[in-house]
Amino acid sequence: LLPNPTITTPTTTTPTTNTENPTTTSTPTRTHTRNNSLIQAEEPTEDNMFKSFKSSSSSKEPKPKSIKVGVNGFGRIGRLVFRYAWDDPTLELVHVNDICSCESAAYLLKYDSVHGTWDKSVEDDPADGSQFTVDDQVVTFSQHSAYTAVDWEAMGVEMVLECTGKFLTVATLQPYFDTCGVKRVVVSAPVKEPECLNVVLGCNHDLLSEEQKLVTNASCTTNCIGPVVRVIKETFGIKHGCITTVHDVTATQTLVDMPNTKKSDLRRARSGMLNLCPTSTGSATAIVEIYPELKGKLNGLAIRVPLLNASLTDCVFEVEQATTAEEVNAALLAASLDGPLKGILGYERKPLVSTDYTNDTRSCIIDALSTQVIDGTMVKIYAWYDNECGYSKRMAELSHIIAAKYVLKQEPAFVYE
């Protein structure tokens with residue numbers, strides 16, 4: 001995705017057969033990126049995103065069908081999802097709506113302080129302000145705080161990627177269908193209402209259906225802990241648990257001490273660049289949207305730290321079946337190598353640190369050296385995640401699956417089974 005030769009990424013070795021003392025990292029084979037610089041060294045199948053599609057497009061075979069897609073909200077997640085979705089032949093990105101200027105949108109799409117410079121040519125006309133181009137392909141642009149002011153239907157947009165983080169109820173999202181004529185909406189934040197399906201790929205994507213027009217990609221931390229919860233729940237059983245996410249700063253915090261108009265939490269009004277900030281996280285309770293049987297059994301907190309990228313979640317569970325750290329690691333390793341979590345859940349025994357996970361597109365990478373079991377039934381697990389790239393990659397994949405299966409009526413490129 002982003003050419004940046006200075007980025008250090010985790011490496012792996014050939015998987016061993018000794019599951020009592022696993023020593024390898026999972027090798028994702030089903031994910032894809034848009035540019036080789038985001039590709040992990042251990043992902044040999046990642047060197048050409050949608051290779052089969054690109055091969056067929058250069059032959060006499062017809063190009064794959066596509067749908068027109070718009071993005072509402074062009075912040076950190078909106079721009080990264082745009083990058084990941086750009087080369088997907090099923091998703092034709094035609095319009096972006098944000099309150100910023102078109103010039104700012106194009107500039108920030110091309111240049112990113114954390115993830116590097118995109119290898120696509122991105123140009124805008126400051127005198128126009130109504131469009132920018134990516135590799136000479138036009139993407140129209142509008143500046144409306146109300147998405148209903150955008151004529152999505154006239155542009156032929158069938159799917160909107162809702163990335164503002166502001167519309168978090170079914171009622172505030174329903175006008176997409178009733179007023180704007182959009183067929184599908186994918187939201188970059190959880191909507192905790194039964195009419196909306198919150199999806200964590202690898203965990204509950206089997207609930208996707210033709211009838212479900214409104215879905216979310218849950219949250220970045222829910223995508224991180226979802227695979228861990230699945231493995232521990234299915235292997236050992238979970239009585240209850242608590243998670244702490246050591247999370248990088250986000251735009252909901254202030255750069256220097258000043259009143260915070262985005263959140264009522266006073267601690268987020270303190271400088272995000274200088275402080276460790278205990279705050280709330282909805283990820284532990286949101287996981288109940290994925291696994292309803294765990295309602296009332298999981299909760300957690302967050303600590304915002306003065307870093308820009310790559311977070312860590314501390315998962316603690318009281319399990320039903322007595323176990324050992326070796327057994328826990330063996331179960332996590334096995335799940336990372338085969339089955340629905342392959343390419344989503346990673347496993348690492350090397351003593352890596354947060355910067356090593358920048359631009360890692362997996363949802364969760366187990367820090368195997370830190371796994372502990374206390375008194376047989378208390379399990380402690382550290383899980384790393386690039387809270388921007390991993391989440392945005394899953395959202396692009398989820399959008400692809402929905403477009404392929406339920407709009408274009410064709411088999412998706414991503415199959416987590």
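This passage describes the central sheet of the structure and then the surroundings of Asn217.

The model is predicted, so local features need pLDDT of at least 70 and side-chain atom pairs count only at pLDDT 80 or more, whereas totals for chains, interfaces and linings use all residues. Residues are numbered from 1 along each chain as its sequence is written, and side-chain values use heavy atoms, with hydrogens and water left out.

Nine strands (DSSP E runs of at least two residues, numbered from the N terminus) form an open sheet with mixed pairing and the order 3-4-5-2-1-6-7-9-8. Strand 3 (122-124) and strand 8 (197-198) are at the edges, each with a single partner strand, so one side of each has no neighbour in the sheet. Strands 8 and 9 run parallel and are joined by two bridges, and pairing requires at least two DSSP bridges between two strands. Leu197 has Val215 in strand 9 as its bridge partner. Helix 9 (residues 389-407) packs on the sheet, touching strands 1, 2, 6, 7 (184-187) and 9, and its direction makes about 165° with that of strand 7. Such angles run from 0 to 180 degrees between N-to-C directions of lines fitted to C-alpha atoms, for helices over the stretch in contact.

Now to Asn217, located in the loop between strand 9 (214-216) and helix 6 (220-235). Asn217 counts as buried because its relative accessibility is 0%, buried meaning under 20% relative accessible area with a 1.4 Å probe and protein chains only. Leaving aside residues up to four places away in sequence, Asn217 touches Val187, Val199, Asn223, Tyr391, Arg394, Met395 and Leu398, where contact means heavy atoms within 4.5 Å. A polar atom of the Asn217 side chain lies 3.2 Å from the backbone oxygen of Tyr391.

Definitions and conventions. Helices (H or I, at least four residues) and strands (E, at least two) are DSSP runs, numbered from the N terminus. Buried means under 20% relative accessible area, exposed over 50%, partly exposed in between (1.4 Å probe, protein chains only). A polar contact is a pair of N or O atoms within 3.5 Å; within protein, one must be able to donate a hydrogen and the other to accept it, and residues adjacent in sequence count only if both atoms are side-chain atoms.
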